[in-house]
Amino acid sequence: MRMEEVVAADMPGKRVLTVIHRSTLDRALQAAPPDAAAWAARAQAEKRMYVVPKGSNDDWYFLYAAFVARGDGLLVTNDQLRDHVWAMLRPKHVLKWRERHIARYSIPMSPPAAR
């Protein structure tokens with residue numbers, strides 16, 4: 001199930017912006033089914049996906065999007081943002097923001113057991 005489908009089911013009316021680094025997308029598309037490239041191109045055209053250019057740090061892009069969205073946004077990432085927290089003048093505020101605005105996820109590596 002794609003992240004967009006999860007959000008649509010759990011939070012109707014919310015929009016999803018996927019921020020992905022160019023090299024990560026390129027690697028994923030190499031292993032993906034043929035229709036994945038068309039889906040990615042469509043998502044970019046519809047402004048549902050932003051591809052971070054090579055040489056840029058994707059963290060700054062998703063942080064910017066989360067801050068602009070304010071209370072209407074939810075950042076879904078497993079990135080701990082450690083390098084950004086300690087680079088800030090007031091890390092306590094960033095730690096509090098991180099606790100309140102970031103959702104973590106996991107992807108099971110094996111299918112669930114049959115019931």
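The following exchange discusses a predicted model of a protein.

User: How many helices and strands are there in the protein?
Analyst: The predicted model has 6 helices and 4 strands.

User: In which order do the elements run from the N terminus?
Analyst: The order is α-β-α-α-β-α-β-α-α-β.

User: What about α4, how many residues does it have and what span does it reach?
Analyst: Helix α4 covers residues 58-69, which is 12 residues. From first C-alpha to last it reaches 17 Å, close to the 16 Å expected at 1.5 Å a residue.

User: Which residues of α4 are buried?
Analyst: The buried residues of α4 are D59, F62, L63 and A66. They lie on the same side of α4, because their arc around the axis is only 105 degrees. In general, an α-helix has 3.6 residues a turn, so residues three or four places apart point the same way.

User: And which exposed residues sit on the face turned away from the buried side of α4?
Analyst: That face of α4 carries Y64 and V68, both exposed.

User: Changing topic, which residues make the nonpolar surface patch?
Analyst: M11, L74 and V76 make a nonpolar patch of about 230 Å² on the surface. Of these, V76 belongs to strand β3, residues 75-76.

User: Why does V76 count as partly exposed?
Analyst: The relative accessibility of V76 is 34%, and the partly exposed class lies between the cut-offs of 20% for buried and 50% for exposed.

User: What area does the whole protein expose, and what share comes from carbon and sulfur?
Analyst: The protein exposes about 8,900 Å², with 57% supplied by carbon and sulfur atoms. Buried residues account for 23% of its 115 residues.

User: What percentage of the contacts between residues at least 6 apart in sequence join residues at least 24 apart?
Analyst: Among those contacts, the figure is 61%.

Conventions: Residues numbered from 1 in each chain as written. Predicted model: local features only at pLDDT ≥ 70, side-chain atom pairs only at ≥ 80, totals over all residues. Heavy atoms only, no water. Patch = residues over 30% accessible without salt bridge, like charges linked within 9 Å, V, L, I, M, F, W, Y side chains within 5 Å. Areas by Shrake-Rupley, 256 points an atom, 1.4 Å probe, with all protein chains shown as cover. Salt bridge = Lys/Arg side-chain N within 4 Å of Asp/Glu carboxyl O. Helix = DSSP H or I, 4+ residues; strand = E, 2+ residues; numbered from the N terminus. Buried < 20%, exposed > 50% of the residue type's maximum accessible area, 1.4 Å probe, protein only. Contact = heavy atoms within 4.5 Å. Expected span 1.5 Å × (residues − 1). Arc of directions from axis to C-beta.
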